[in-house]
Amino acid sequence: MSETTLSARAAAARGRLGLDAAWRPAVRSPLVVLLAALLVVQIIAALLLSGGQGMAPAAGDTPLLALDLEGVSAIEIASGEGDDSVRLERSGEDWVLPALAGFPAGGSRVDALLDDLADLKRPLPVATSADARRRFRVAEDAFERRLTLRGDGGEAVLFLGDSPGFRRIFARAEGEEAIYDLRLALFDLGATPDDWIDRGRLQFDRGEITRIGTEDWALVRGEDGWSLAGSDAELDTAAVDGLVNAVATVGYTGVLGPDSDLSYDLDDPARVLTIEHDGKTRRYRLAPIADSEDYVLKRDAEPYVYRLSAFDAETLLETDRARLLGEGPDDGASDGEADAEPPATTESAADPGPAPPVQEDTAEAAD
């Protein structure tokens, strides 16, 4: 294609766009360059000042916390209301709760919190004033949570306040004025030791259980299934399954610290259970807590005292030989009827019918 043809096409294109060669010197003039620069400055200023409080945080590239979270060795969370606080410490690869004699913390939950914190970037601030710090509850003396992270790289402190929406929270780093709207949930920042305990400490595979016993009876699993030691009587399948499941999945609402003021007596327990599983033996002692419907459970060879609700403790406490044999106590209706006057004798009622069989193991059934 000739140079003449290319020039003709370029001229035609400029004609279609309404461009003229005269514009080039104009846009290069100092006045036009100055106006363009002012426009750019105004756009940047508008972006910095337009962070709406009701808007989601904008993504940024700068990490919120200038701390190596993989090297964090201690986490402290304090509540702004009341005296609740918790400290978690790294012990090898695990996390423990010093206030509960080193009871294991839920490691997956701690790791999830650290991952969430590591993902936090600095969005545009929603406010910077002292009044806003109190309004959003991220001030030093008015906050919902104070999160402190300590490690080899130093210390980082976050004040966490009100929530503007689902899984969002206002936050401010200590020593800074900027308040951010972050993707974080206050629910994930519990301020009591019980919020962080390992909930599966007493749970194991029910298939490993070979024996459950008290001082009065023992449930033994053999090749043909479960049976009561020393008895060939048929068992109530539902009662057996209920007990085995309860033993394998003991749930607890908390763990009592050494300074707990609750009153209970594990030296005079309401029940002692011995469980054999996977070639090992564990022994549970259960006792009621005074002025409460709850119970405590202590496993021998461990320093921890677990708090159980009445619901969680019911099967462990009330299962006895009679229930396992399907000979549970009556519902109480017969006792009430025995105290009432007998009905008028009729021909059918006068015939007492065959005498009921004599019930064996009366003393054990009444246990």
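1. A patch, in the sense used here, is built from residues with over 30% relative accessible area and no salt bridge, nonpolar side chains being joined within 5 Å. By this definition, the predicted model shows a nonpolar surface patch of about 400 Å², made by L31, L34, L35 and L38. One of these residues, L31, belongs to helix α3, which covers residues 30–49. L31 counts as exposed because its relative accessibility is 56%, and exposed means over 50%.

2. For the chain as a whole, the model contains eleven helices and 18 strands. The chain has 367 residues, of which 34% are buried. About 22,000 Å² of the chain is exposed, and carbon and sulfur atoms supply 50% of that area. Among contacts with a separation of 6 or more, 59% are between residues 24 or more positions apart.

3. Helix α4 merits separate attention. The helix spans residues 107–119, 13 residues in total, and reaches 18 Å from its first C-alpha to its last, close to the 18 Å expected at 1.5 Å a residue. Its buried residues are V110, L113, L114 and L117. These four residues lie on the same side of α4, because they cover an arc of only 95° around the axis. The general background is that an α-helix has 3.6 residues a turn, so residues three or four places apart point the same way.

4. The two faces of α4 can then be described in turn. The buried residues of α4 pack against the strands β1 (72–79), β2 (85–91), β3 (94–97), β7 (145–151) and β8 (154–160). The face turned away from the buried side of α4 carries S108 and D119, both of them exposed.

5. Two backbone angles should be checked by the reader. As background, most residues other than glycine have a negative phi. D278 is not a glycine, yet its phi is positive, at about 50°. This residue is found in the loop between β15 (271–277) and β16 (280–288). D278 counts as partly exposed because its relative accessible area is 49%, and the exposed class requires over 50%.

6. The second case is A301, also not a glycine, with a positive phi of about 75°. A301 is placed in the loop between β17 (295–299) and β18 (305–308). With a relative accessibility of 84%, A301 counts as exposed.

Key
Residues are numbered from 1 along each chain as its sequence is written. This is a predicted model: local features need pLDDT of at least 70, side-chain atom pairs count only at pLDDT 80 or more; totals for chains, interfaces and linings use all residues. Side-chain values use heavy atoms; hydrogens and water are left out. Patches are made of residues with over 30% relative accessible area and no salt bridge: like charges are joined within 9 Å, nonpolar side chains (Val, Leu, Ile, Met, Phe, Trp, Tyr) within 5 Å. Accessible areas come from the Shrake-Rupley method with a 1.4 Å probe; for residues, only the protein chains shown count as cover. A salt bridge is a side-chain nitrogen of Lys or Arg within 4 Å of a carboxyl oxygen of Asp or Glu. Buried means under 20% relative accessible area, exposed over 50%, partly exposed in between (1.4 Å probe, protein chains only). Contact means heavy atoms within 4.5 Å. The expected span of a helix is 1.5 Å times one less than its number of residues. The arc is that of the directions from the helix axis to the C-beta atoms.
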